[in-house]
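Thanks for coming. I have one topic today, salt bridges, and I will keep to a few pairs.

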Amino acid sequence: MRVFGRVAFVLVIGSALITSGAAEKPTLEHIFPAGASRNSTHTLTLFGKFDAWPPKAWSSCGVLVFNFPTNKGKVEIKVPADAPVGPCLFRLYSEEGASEPCIFVVDEGSECEENEPNNHFSKPQLITNLPVTINGRLEKNGDVDSYGFQIKAGQWLDAAVDSYTLMSTVDPVLRLVDTNGYQIAWNHDFATFDPRLIWQSPQDQMVVLQLFGFLYPANSEIQLSGGPGGVYRLHLALLDHRPVDVFPEITEHEPNNSKANAVTINVPGKVVGTICPANDEDRFRIQLKKDQYIEARVEAGSFGSPLDAWLKIEDSAGKELARNDDVDSSRDPRLEWKAPNDGDYVVVVGSVTHEGNADFRYRLEINPLSPDYRATAGANAFIFTPGATNEIKFTLKRLRGLTNELSASVTGLPESITEAGQSSSAKEGENTLRFVVATNALPFSAPIQIVLRDSLSKQERPVPFQLVSRSENNGVPGGYTQLLVETLDQLWLTVKPKAEKK
């Protein structure tokens with residue numbers, strides 16, 4: 001994702017909670033606006049369910065100030081001048097539990113809000129100071145938001161949307177028209193389902209950028225969509241050159257399309273190349289030791305290149321040893337591989353579609369890997385009951401032959417909660433940590449962390465909850481494979497008040 005020097009709040013929803021009792025915790029589905037600039041105060045609209053008003057709020061950056069007025073569903077948020085720039089998470093919570101975590105983006109650049117009515121290209125909202133981030137919302141089905149601005153001959157328009165990556169419920173589209181409504185350019189999907197439109201103006205003129213969207217996840221209806229979840233952040237900039245993140249400077253040296261002229265690179269190493277002309281294959285020679293692990297990764301679609309790349313590793317005789325096309329629901333390839341012997345190997349990049357030109361750019365990165373592990377929390381929030389044994393679960397996967405002993409603990413617990421005498425050693429697969437909550441435990445609501453400690457290296461690492469998800473229903477994509485914030489390691493614990501006897 002590209003950043004125009006801003007911070008944005010992103011809502012994250014859809015993760016599992018462990019709940020008990022009939023009382024209702026606050027639920028939060030969307031917020032508007034989804035971001036704010038430093039040293040500013042804004043009133044946010046909260047979309048969700050709030051039985052008890054007001055709730056309390058928490059942010060992962062720790063500096064945001066919340067004030068809940070008497071108006072239900074509103075919160076005043078103050079962003080200090082020294083707030084960290086970028087996306088952070090926040091929650092609503094009460095004695096009954098916590099909402100799903102939300103992402104809020106903090107910006108150090110100029111921001112404004114959409115002003116209705118701006119549905120028609122002939123009556124757009126005029127934007128005079130660029131670069132700017134516009135916080136908007138497609139309020140109802142059929143809504144179209146139009147923004148008009150001047151552009152000079154030779155200038156590049158760079159318009160990018162954060163919406164899908166905010167876990168919005170629309171699949172947005174950008175459409176550029178002239179003042180007569182004739183289409184000049186458009187974009188639907190770029191690196192994600194969020195669009196990005198890059199266009200150079202041939203003359204001085206006024207143009208109108210329109211934003212609309214379809215329902216996400218899609219259903220059988222074909223119509224423009226909107227509603228509480230139609231939140232977006234539109235980033236507009238006028239540049240004197242093409243954006244360098246989409247068109248990085250090429251460092252590859254041709255010819256390198258055969259084993260004989262493969263270019264030697266070090267490990268670790270990086271190179272920016274291009275598949276040009278069509279059917280081009282780029283080869284890079286690396287030297288490895290026996291049983292050495294490496295990761296070879298290509299970025300292309302992830303920064304908007306039209307290249308759908310494949311990646312393979314060959315031995316010195318040209319025999320294919322490993323190959324990958326797509327990984328983790330991305331069209332970009334990645335290989336994790338162990339060298340069978342000392343010697344030279346060749347990493348090859350090509351095009352799945354056999355297409356190629358000067359815009360088919362990619363970044364190849366090769367890094368050494370060592371034994372490691374990956375752990376994931378089973379939920380992002382937990383509710384404990386006084387006078388009972390309660391559980392926290394996480395899964396552990398050892399990678400590349402890791403044998404070091406790992407021990408698990410939970411930090412941030414109140415004194416009224418003690419471990420239930422289980423071993424702290426973490427095993428492969430699902431792990432369950434059990435805790436006894438005292439009968440007279442006071443109510444508690446705060447972040448906690450599951451921490452894994454490596455007995456050999458003495459390093460400690462929190463166990464995160466994965467906010468991204470991947471699903472498919474009869475060929476229709478669901479879930480969010482890329483978000484502005486993708487993991488959360490500050491989990492939430494609620495100890496509910498002791499139930500009174502009737």
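I will go through some of the charged pairs in this structure, which is a predicted model.

A search of the whole structure gives 20 salt bridges. Side chains of opposite charge can pair when their charged atoms come close.

Start with aspartate 158 and arginine 196. They form a salt bridge, and their closest N and O atoms are 2.9 Å apart. This pair links distant parts of the chain: aspartate 158 sits in strand β16, residues 156-162, and arginine 196 in strand β19, residues 196-200, with the two positions 38 residues apart. Is aspartate 158 buried or exposed? Its relative accessible area is 0%, so aspartate 158 is buried. Arginine 196 has 7% relative accessibility, under the 20% cut-off, and therefore counts as buried too.

Arginine 196 has another partner. Aspartate 245 forms a salt bridge with arginine 196, with 3.0 Å between the closest N and O atoms. Here the pair is 49 residues apart in the chain, and aspartate 245 lies in the loop between β21 (231-239) and β22 (263-264). Aspartate 245 is partly exposed, at 25% relative accessibility.

From the loop between β21 and β22, arginine 242 pairs with an aspartate 117 residues away, aspartate 359, in the loop between β29 (343-351) and β30 (361-369). That salt bridge is 3.4 Å, N to O. Arginine 242 is partly exposed, at 29% relative accessible area, and aspartate 359 is partly exposed at 31%.

Last item: Glu295, Arg297, Arg334, Glu336 and Arg400 are joined into one network by salt bridges that share partners.

Definitions and conventions: Residues numbered from 1 in each chain as written. Predicted model: local features only at pLDDT ≥ 70, side-chain atom pairs only at ≥ 80, totals over all residues. Heavy atoms only, no water. Salt bridge = Lys/Arg side-chain N within 4 Å of Asp/Glu carboxyl O. Helix = DSSP H or I, 4+ residues; strand = E, 2+ residues; numbered from the N terminus. Buried < 20%, exposed > 50% of the residue type's maximum accessible area, 1.4 Å probe, protein only.
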